[in-house]
Structures are given as structure tokens and as C-alpha cells.
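Trainee: I should like to learn how to read the features of a protein model. May we go through one together?

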Amino acid sequence: MELVKNPLFARYFDRCGARLEERGGREIRSELLAGLSGRVAEVGAGTGLNFPHYPASVREVVAVEPEPYLRGRAAGAAAAAPVPVRVADGTAADLPAADGEFDAVVVSGVLCSVADVPAALAEFSRVLRPGGQLRFWEHVRSRDPAYAAFQRAADLAWPHLMGGCHVQRDTLAAIGRVFTVESCRGFRFPPSAVLSPPAPRIVGIARKVGVPEG
Ligand SMILES: C[S@@+](CC[C@H](N)C(=O)[O-])C[C@H]1O[C@@H](n2cnc3c(N)ncnc32)[C@H](O)[C@@H]1O
């Protein structure tokens with residue numbers, strides 16, 4: 001299994017990540033999770049910032065987090081969540097789950113950091129039932145060529161400072177190669193960001209196409 005241990009980044013994210021919640025993050029998390037139901041796998045749950053936003057129609061969240069410090073923080077947040085959340089070890093490419101057991105997979109700020117995006121997306125598809133949803137909120141390569149060039153330059157250093165996070169991935173195209181994208185909205189986050197490498201964002205819904213058995 002891929003080893004994800006970023007103690008310095010984990011502590012930085014724990015201290016600073018929550019600040020963006022007050023700058024519109026909460027609203028986007030609510031949008032990301034609106035209307036979900038049944039059993040959900042959240043991959044790369046971090047400190048559990050999504051947990052307060054799961055609707056009551058969600059029966060259980062299995063929150064997978066490979067980084068030990070963050071997993072501990074997620075376990076604390078799970079206890080206060082409005083729906084049952086079970087925190088587990090695992091990685092995006094190796095989820096502790098059977099084939100087709102989830103109604104939805106959720107990722108936010110994770111596909112920028114996984115070592116092998118196609119392998120992760122194939123694994124999400126494996127654990128989803130036919131018709132299940134991938135909900136994503138990710139930062140992506142800008143469609144503005146000048147901004148994308150800036151991101152390409154930033155990407156020389158950014159992954160070394162930010163726990164392996166890359167800022168120039170065309171994540172929507174990668175999702176579209178595995179899932180059917182049903183909706184996607186592009187925007188800048190936080191809205192006040194001027195020249196921030198991870199500012200170009202997408203939030204959306206993709207679906208696993210396939211005929212249910214039986
Ligand atoms: C920027 S944080 C986002 C955390 C959380 N999803 C959120 O929205 O606040 C990136 C997260 O991805 C996790 N991560 C990194 N590589 C991963 C992998 N290969 N599989 C699963 N999670 C991974 C990190 O440990 C971290 O929790």
C-alpha cells in the first residue's frame with residue numbers, strides 16, 4: 001500500500017486548513033454533499049472538515065485517511081458528526097471496501113495529492129455500486145494559459161512544501177475517462193485569491209455507469 005506520512009504538512013493543514021472554512025469553504029462543502037444518501041466512502045478525509053455537512057439521509061460514512069496524525073483528528077471529528085462516521089486507514093488506490101458497497105464516494109482536495117490518479121479513480125469505481133456517484137471538490141489546472149503556466153512553474157516546488165499536492169492536474173478530464181460527469185462548476189477559491197496556485201477549483205458530480213445486476 002502507498003505510504004502517506006506527512007507529519008509537518010498534516011500539522012500545518014490542521015492549523016491553517018480550517019481558516020478557509022470561514023472564507024466560503026463551509027458553503028462549498030454543503031454543496032458538495034447535498035442530496036447524498038445511503039452509504040458513503042470519503043477518501044482522504046483529512047481532519048474531517050466535511051463531516052458536519054453530511055445530510056441526515058446518509059446512513060454511514062466510511063472516512064478513509066492514510067496519514068496517521070490526520071486520521072486521529074478525523075476520529076475526534078467523527079464523534080461530533082451528525083451522521084455515523086467510521087474512520088479507517090487506507091489509500092485512494094487501496095480502499096478497505098468490497099466491490100460495489102457504496103452509494104457514493106466523496107473527495108475534496110485529494111486527487112491533487114494521490115500518486116496515481118487513474119488507479120485511484122478505478123478504485124473509486126470498484127467500490128461504487130452501478131449508478132453510484134463520485135462527488136468531487138478539487139483544485140485543477142487553470143483554463144487560462146497564462147495562469148496554467150504560472151501553476152506549472154509553481155508545481156516545481158509546491159508538492160515538496162504541501163504534502164505531495166500538485167497544482168497543474170487536469171482532474172476533470174481524468175474523472176471523465178472513468179465516470180460520466182453530470183455536473184461541474186468552475187470557480188476561484190478563496191474568492192479573494194489573486195495569484196494562488198491552487199485557486200482554480202471545480203465542484204461536481206460524476207456517475208458510475210453500468211447495469212445493476214439481477
Ligand atoms: C488538502 S487535504 C484535504 C483533506 C480533506 N479532504 C478536506 O477536504 O479538508 C489532502 C488529504 O488527502 C490525503 N491523501 C494524500 N494522499 C492520499 C492517498 N494516496 N490516498 C488517500 N488520501 C490521501 C491527505 O492525507 C490529506 O488528508
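Mentor: Certainly. This is a predicted model. Let us begin with a polar contact: the side chains of Arg-39 and Glu-60 are joined by one of 3.0 Å.

Trainee: Which other side chain is joined to Arg-39 by a polar contact, one of 2.6 Å?

Mentor: That partner is Glu-101. Arg-39 itself is found in strand β1, which covers residues 38-43.

Trainee: Is Arg-39 buried or exposed?

Mentor: One compares the relative accessible area with a cut-off: under 20% counts as buried. Arg-39 has a value of 15%, and is therefore buried. Leaving out residues up to four places away in sequence, Arg-39 touches Arg-59, Glu-60, Val-62, Arg-86, Glu-101, Phe-102, Asp-103 and Ala-104.

Trainee: How should I read a nonpolar core, and which residues touch the most other members of the largest one?

Mentor: A core is read as a set of buried residues joined through side-chain atoms. The largest nonpolar core here has 28 residues, and those touching the most other members are Leu-111, Leu-121, Phe-124 and Leu-134. Two or more residues come from each of β1, β2 (58-64), β4 (102-108), α4 (117-127), β5 (128-139), α7 (171-176) and β7. Helix α4 gives the largest share, five residues.

Trainee: What does Phe-124 contact beyond its neighbours within four places in sequence?

Mentor: Phe-124 is in contact with Val-43, Ala-92, Leu-95, Val-105, Val-107, Leu-111, Leu-134 and Phe-179. Another core, of 22 residues, lies apart from the largest one; among its members are Leu-32, Ala-74, Val-106 and Val-203.

Trainee: How does one read the buried face of a helix?

Mentor: An α-helix has 3.6 residues a turn, so residues three or four places apart point the same way. In α4, the buried residues are Val-117, Ala-120, Leu-121, Glu-123, Phe-124, Ser-125 and Val-127. They pack against β1, β4, β5 and α7.

Trainee: What is found at the start of α4?

Mentor: There, a side-chain oxygen of Asp-116 reaches to within 3.1 Å of the backbone nitrogen of Ala-119.

Trainee: Which residues of helix α1 are buried?

Mentor: In α1, residues 7-16, the buried ones are Ala-10, Asp-14 and Cys-16. The buried residues of this helix pack against α3 (68-79).

Trainee: How many disulfides does the structure hold?

Mentor: To count as a disulfide, two cysteine sulfur atoms must lie within 2.5 Å. The structure holds zero disulfides.

Trainee: Why is Cys-112 not bonded to Cys-165?

Mentor: The sulfur of Cys-165 is the closest cysteine sulfur to that of Cys-112, but the two are 3.9 Å apart, which is too far for a bond. Both residues are nevertheless buried: Cys-112 has a relative accessible area of 3%, and Cys-165 has one of 9%.

Trainee: How should I read the surroundings of the ligand, and which residues are closest to the ligand?

Mentor: One lists the residues around the ligand and then looks for pairs of polar atoms. Here 19 residues surround the ligand, and the closest are Arg-29, Gly-44, Glu-65, Ala-92 and Ser-108. A backbone N or O atom of Gly-44 lies 2.7 Å from a ligand nitrogen atom. A polar side-chain atom of Ser-108 is 2.6 Å from an oxygen atom of the ligand, and a polar backbone atom of Gly-46 is 3.4 Å from a ligand oxygen atom. On its own the ligand has 590 Å² of accessible area, of which the protein covers 93%.

Trainee: Which peptide bond is cis?

Mentor: The angle omega is the one to inspect. The bond from Phe-189 to Pro-190 is cis, with omega near -10°. Pro-190 lies in the loop between β6 (180-188) and β7 (200-207).

Trainee: Finally, how do I compare separation along the chain with separation in space?

Mentor: One sets the two values side by side. Asp-170 and Val-140 are 30 residues apart along the chain, and their C-alpha atoms are separated by 5.8 Å. For Leu-161 and Phe-187, 26 residues apart along the chain, the C-alpha separation is 24 Å.

Trainee: Where are Asp-170 and Leu-161 placed?

Mentor: Asp-170 is in the loop between α6 (158-161) and α7, and is partly exposed at 39% relative accessibility. Leu-161 belongs to helix α6 and is exposed, with a relative accessible area of 62%.

Definitions and conventions
Residues are numbered from 1 along each chain as its sequence is written. This is a predicted model: local features need pLDDT of at least 70, side-chain atom pairs count only at pLDDT 80 or more; totals for chains, interfaces and linings use all residues. Side-chain values use heavy atoms; hydrogens and water are left out. Buried means under 20% relative accessible area, exposed over 50%, partly exposed in between (1.4 Å probe, protein chains only). Helices (H or I, at least four residues) and strands (E, at least two) are DSSP runs, numbered from the N terminus. A polar contact is a pair of N or O atoms within 3.5 Å; within protein, one must be able to donate a hydrogen and the other to accept it, and residues adjacent in sequence count only if both atoms are side-chain atoms. Contact means heavy atoms within 4.5 Å. A nonpolar core is a set of buried Ala, Val, Leu, Ile, Met, Phe, Trp, Tyr and Cys residues joined through side-chain atoms within 4.5 Å. A residue is near a molecule or strand if one of its heavy atoms lies within 4 Å of it. Accessible areas come from the Shrake-Rupley method with a 1.4 Å probe; for residues, only the protein chains shown count as cover.
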